[in-house]
Structures are given as C-alpha cells and as structure tokens.
Amino acid sequence: NKPKSSFAIDITSGFALANYAGSDTFVAALPYVGLNPTIKIIPAPNVGITLMAPVLWQWAPQLDKYGYGKSKLIITPELELYWNPLKAPGSRIFTRVRYSSMYKEKSPFFQWQIGYTLSISEVVNKKLENK
C-alpha cells in the first residue's frame, strides 16, 4: 500500500525571455538554475495540498554592459489546495497562492489563482473506452 503523500527536491534549469528597452531595444535571454523542494499531502482520495519553495539563481549575460548582468536569487514559495469532485486524477478545482521575491530587492509580490485543471488525455481515453 503506497503512501499518497510525498516529498521531492527537483533540480531545475531553463531560461526566460524579457524585453529590454534602454539605449537599445532587444529581447534578452535570462538563464536560470535552481532547486524546487515539494511536499504533497493527500488527506483524502480527491483532496490534496501541495507546498513548494523554488529557489532560483538567474542572471542576464546579455545585459552586463547595461549594469544588469549580475546573478539574482529568486525565491517563490507556493501553496496549492485542490479538490477533485470527479475523482479523475488530472481534472480538479484548485486555488493557489504564490509569493515571489528577489533576495535583497524591494519588489516582492503575491499572486492568487483560482481555476480548474482539465486533463485532455483523460477525456480522450474515456471517450475511447466508451466506444
């Protein structure tokens, strides 16, 4: 009997794109690397809680000559609560709150989402089973 709750630490990397409009105007690539610790708690078959705390190091090598190329530490803890009324694993109603902050910067902000996630593959598979 596998436990429903879990803990993981993922290594992440990628890049973001940003418009830069200074003396020049161009799209700058912002590469990043980081860690994403995640705790998933599933107290009931169709209810869950996810806690994440991604920590990213991002830099802007294209913006060095403009004084913005230094590495930035970005911390974005997130809490998500979801309810799955149809008991289909990929489809659920959720609410999510995220706090984003660059370490030693004065521009933190909150985001709040309410939504519905629909798994298209589950819908397609269900239609194929009913044929």
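**Note on the predicted model**

1. The accessible surface of the protein comes to about 9600 Å², and 62% of this area belongs to carbon and sulfur atoms. The coordinates are those of a predicted model, and the points below should be read accordingly.

2. As to secondary structure, the protein contains eight strands and one helix. Read from the N terminus, the order of the elements is β-β-β-β-β-β-β-β-α. The protein is more spread out than a compact globule, because its radius of gyration is 19 Å, well over the 14 Å that the globule rule gives for 131 residues.

3. The overall dimensions may be stated alongside. The C-alpha trace spans about 60 × 35 × 25 Å along the principal axes of the protein.

4. With regard to burial, 22% of the 131 residues in the protein are buried. The largest nonpolar core has six residues, namely Tyr20, Ala28, Leu30, Ala60, Leu63 and Tyr66. In soluble globular proteins, nonpolar side chains tend to be buried together.

5. Leu30, a member of that core, merits separate mention. Leaving aside residues up to four places away in sequence, Leu30 touches Gly14, Phe15, Ala16, Ala18, Gln58, Trp59 and Ala60. Of these partners, Ala60 also belongs to the largest nonpolar core.

6. On contact order in sequence, the reference set is the contacts between residues at least 6 apart; 43% of these join residues at least 24 apart.

7. Finally, the charges: the protein carries 15 positive and 8 negative charges, and the mean positions of the two groups are 5 Å apart.

Definitions and conventions. Residues are numbered from 1 along each chain as its sequence is written. This is a predicted model: local features need pLDDT of at least 70, side-chain atom pairs count only at pLDDT 80 or more; totals for chains, interfaces and linings use all residues. Side-chain values use heavy atoms; hydrogens and water are left out. Helices (H or I, at least four residues) and strands (E, at least two) are DSSP runs, numbered from the N terminus. The radius of gyration is taken over C-alpha atoms; the globule rule is 2.2 Å times the number of residues to the power 0.38. Buried means under 20% relative accessible area, exposed over 50%, partly exposed in between (1.4 Å probe, protein chains only). Contact means heavy atoms within 4.5 Å. Accessible areas come from the Shrake-Rupley method with a 1.4 Å probe; for residues, only the protein chains shown count as cover. Lys and Arg count as positive and Asp and Glu as negative; His and the chain ends are not counted. The place of a charge is taken as NZ of Lys, CZ of Arg, CG of Asp or CD of Glu. A nonpolar core is a set of buried Ala, Val, Leu, Ile, Met, Phe, Trp, Tyr and Cys residues joined through side-chain atoms within 4.5 Å.
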